[in-house]
Amino acid sequence: MRGLLGFLVPKLLRALVAVWLVTTVVFVVMRLSGDPVPLLLPPDAPTSEIMRVRRELGLDRALPVQYATFAANVLRGDFGRSIHFREPAFSVVKGYLGATVELGLTAFFIAALVAVPIGLLSAIRRNTLLDHVAMGVALVGQAAPTFFLGILFILLLSLKADLFPTGGRGDWKNLVLPALTLGAFAMASIARLTRSAVLEVLRADYIRTARAKGLAEWLVIVKHTLKNAALPIVTITGLQFGTLLGGAVVTETVFSWPGIGRLAIQSIYNRDYPVVQCAVFLSAIMFIVVNFAIDLFYGLLDPRVRPRA
Amino acid sequence: MSQVTRRELLKSAAALGAAATLSPALARPAHAQTTQKQELVVGQSGDISKLDPHFSTSSNDIRWSFNLFDNLTSRHPDGKLYPGLATEWKLTGQTTWTFKLRSGVKFHNGDPFTSADAKASIERTYDPNVKSMVATVLTTIDRIETPDAGTLVIHTKKPDPLLPGRLGFYGGQIVPEKYLKSVGPDAFNAKPVGTGPVKLGSWTKDDKLVLEANPDYWGGKPDFDRLVMRPIPETAPRIAALLKGEVDAITQLPADQGERVAGNATTRVAGALYAGLYVLAVNSKRPPLDNPLVKQALSHAIDREAIVKELWRNRGIVPSQPIAKGDNHFDGSLPPLPYNPGAARDLLKKAGYKGEEIFIETTVGYLTNDKQMSEAIQGMWKDAGVNAKVEVIEYSVRAQKNREKSFKGVFWSDPTSTLTDPDGMMWRLLGPGGPQDYWRHARWDELGNAARFSVDEKFRGEAYKEMTKIFLEHFPWIPILQPYEDYGLQKFVEFTPNPNQQFEIRRFNFKFKRA
Amino acid sequence: MSATPAVLAPVAVRGGAGGRRTTRLAVAGLAFVVLLGVVATAAPWLAPHDPERQSLRGRLGRPTLQAADGRARLLGTDQLGRDVLSRVIYGARVSLTVGLSAVVIGGLVGAGLGIAAGFRRGFTDTVIMTLADAQLAFPFILLAIGIIAVLGPSFPTLIVVVGLSGWVSYARILRAQVIVLRSREFVEAIQALGGSVTRVILRHVVPNVLSTIVVIATLELARSIVLEATLSFLGLGIQPPTPSWGGMIYEGREYLDSAWWISTFPGLVLMLTSLVVSRTGDWLRDLLDPTLRGE
């Protein structure tokens, strides 16, 4: 247990520093990118008016002062008020969070549930037609831009085949196309990685021994391969979760999905600093929590990766 | 609405402000023509940003705020002014307007509508403490009196013949004084209360806006129980949603996709000639754009007919002047702005143009087709020997440059005649201190100012004629086209688009075809 | 969040890939990439039309052997009547330049930091790996938009943004490899004998990790080309009228239903390139890294 703790605590500290870095970078980049005030006032508002609104929003103070206030508030869980929506930034982001989590998790599970068996099958039946087709599709999934794939899905699976709605949030049917689009890249990566990880394990000596002992092929695979290939698969899956959040920006736009990615983009364009900061902060936390959980899982699965020091 | 072929449509495009319908002569299943729906679903290109009508003039917002709220006067799709919350109005002397208000009207929360609400609403627009987005719309007003609950008297600073028209467009929406005062502006924006045909149900940002029909509306309950607006930013999915019947109407239908919608058995295209122009506004302070000859050359080098015919598939007309067709004082005798690359080259030579860069700053989608038109015009200018560059900028950068008046060359603008009058268009935008004040001309300014405060329409007509002449030598805007703004509709939707971007769903203009 | 080398090492497609077949495929893949480079360089001679020449009257034209002007438009024309084939050929320039420069930037930064982290361990290691964590936790597209909003959209900005998006994979994998290498006797021996650190790194570490760098580079090249397309979708791509594959796919997306050729052809070329490049990477690794080669 002490080993596990020694393994986790430094990781936790590093994760916290990473979140702090992310938050600071957003703060600086947003302020360098432009001023929200012109977007709030009519185009012919006088300069005195602009100055007044700037003062009201606290944008007239020195950057370090603004940063100190911001940091102190974040520590208390306060992200400030949205400049655009005129309500607390956190409650704005919260309104979008559900949609993104719903879409992200679905994409993530579809990706994992489809990709792992495909990768496994490809490895077992390597160099068969099935293998080539599966890996070919996977490569296409990795090579196609998300928006292209999304519009293609809408035209083919929604408009022509009439299987799913074109977009918007609703019941499970509305989730399928955006989740497939969002998960395509992750699915492809996980499938390819699963295949190679399984292949590697299949070549290992103990598998040969197991086979030599006459264990049924499927039993060998399930008992040994999956268990040993689980580590890399789980890790890549965790990392793909990060790309899921990034890819959500495009998917959400194509499928008019009311998620945090779209909110973040619009808020960047509106220079709505508090909302951008809050959205990025929360998605960084989500990413770190997921990967922390995976590290934990990883440590439990394989005690060897825990560093001695 | 009559069904016409494309060719006929081109002819009828000349019919001013009239709604035009595109539909193929196809045998269609009868079921597509009628519906029993009680819910109207509309897809537009973006979410609303504000529900408080005095805080936004963007088309995605006013489409709904004009239905949540009523104005004293109402501009119908035929371009004429009708009674709204005011039943009649008259001018006494030169500057005193008396409005008789409709009685028995209630706000959505049950409060009665009175002259006090009208007074407070109008004064709110230009109250400096409110910081409204429509602060300059009603500034001809000097003071307002309310002799009784059903009468409103407005005194203007100088004669303002266009006041009833001004009150019919943005800035003129009537908000409830008492409710607004008690909840404050933020809560009012979140839960707006008006007198209009729909009231707010719920708003889930970027997902849907639900509006409930107002059963007690003075103009009759609209022909649905619920109106749902879905923001669908991408064009292809928006059109797919219409073709599949997921939505009943879509806005911002690009001309290129019109045939797809018109060719579908269950959908049709309806458009209205925009009550304004799409122009390249010029920063005339930047050399070489300070030279009128250069601007004349730029105008001559643009093949507007090709733009209208090919890029817009004839869903627009080539302008001839800075006054939109359909507005007061539009001069029908002027020819369309000419395309003459030879003349353009000569003018450039005469101007001593030495290949200085001329920038077209464009967004993607601030105006329909803006990026495509920018690239097309860049090509045309290059052919005439102009060193033209296109720079794509995002909306907020455009807003910032607009405020700072820091555009590098020319930029897209869609001036609209809020009053169906040049005063609400070129004078409002290009006049001294206006948002596009990049160019001054003593005589032009004198005429514009005189015309604003004259009740003599003949004098005004002469003034605008001379202003147009000066304009066409100096080109503070380079007008490109007057487009149709098209909607895609299910065939069972009976609706006439309004030239001024209002989405009129009141009983007189919207109904479902029932079996 | 750091991972062991096996975990993050690029996917190998090894099973049964015999030595000679692998060699042939790798050579074929490389040949394709070289061919693309030649096409990009020789674009002015290869393209049948001026890629920026518009013809509004001939817009949205189907692929044809004989257009109105009597000349072929093999891949049709786009929304402004420009020749799609010529634009695809010229587009290779932008897409490959973005891809390659991004790989060079990401590779140099990432490899440098990764080797430093692995070699120095301790505080340096912690700082670099924390930076990597932070970058992974940052939704990259948002960072890109922010940076482009600050610097303004331009070709160099685009390259820097795409390049910086990829350094983490190099850094993490190389760090792990260097840690393993460092503990080997020969490195320790050289250091014990007073060899300079730089020399050890250049002479012994870099050659040993070069194959890994090449393999990651191919994957990153493929990813960068796709990322340029995504940035185009967000309006952050290359300025018009210069063609790039991503920009073409983006502009043609509204016409997928009616004029499919506008975005389909650049889309196919982009996918093919990305596919070949990443497969070549797999094969290259099999060739270069004997310890990882299959049975």
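Two strands pair if DSSP finds at least two bridges between them; strands themselves are DSSP runs of E with at least two residues, helices are runs of H or I with at least four, and both are numbered from the N terminus. Keep that handy for the tour. You're looking at a predicted model, where local features need pLDDT of at least 70, side-chain atom pairs count only at pLDDT 80 or more, and totals for chains, interfaces and linings use all residues. Residues are numbered from 1 along each chain as its sequence is written, and chains are lettered from A, ligands numbered from 1, in the order in which they are written.

**Stop one: the sheet in chain B**

Select residues 141-148 and 151-156 of chain B. The former is β7(B), the latter β8(B), and the two pair in the antiparallel sense over five bridges. A hairpin of two residues links them. Put labels on B:Ile141 and B:Thr156, which stand opposite each other.

Now show the side chains of β8(B). B:Leu152, B:Ile154 and B:Thr156 point to one face and are buried (20 or more other C-beta atoms within 10 Å of the residue's own; 12 or fewer would be exposed, in between partly exposed, with C-beta atoms placed from the backbone). B:Thr151, B:Val153 and B:His155 point to the other face and are not buried.

Add residues 96-101, which is β6(B): this strand also pairs with β8(B), antiparallel, over five bridges. B:Phe99 is a good residue to centre on, as it faces B:Leu152 in β8(B) and is the bridge partner of B:Trp89 too.

With β5(B) selected as well, you have an open sheet of four strands in the order β5-β6-β8-β7, paired antiparallel. β5 (86-92) and β7 of chain B are at the edges with a single partner strand each, so one side of each has no neighbour in the sheet. From one strand to the next the twist averages 20°. Angles here run from 0 to 180 degrees between N-to-C directions, using axes fitted to C-alpha atoms, for helices over the stretch in contact.

Next, pick residues 115-126 of chain B. This is helix α3, which packs on the sheet and touches β6, β7 and β8 of chain B, its direction making about 170° with that of β7(B). Contact means C-beta atoms, placed from the backbone, within 7 Å.

**Stop two: where chains A and C meet**

Switch to chains A and C, whose contact takes 53 residues from chain A and 46 from chain C. On chain C's side, select α6 (140-151), which gives the most, with eight residues.

Methods. Two residues are in contact if their C-beta atoms, placed from the backbone, lie within 7 Å.
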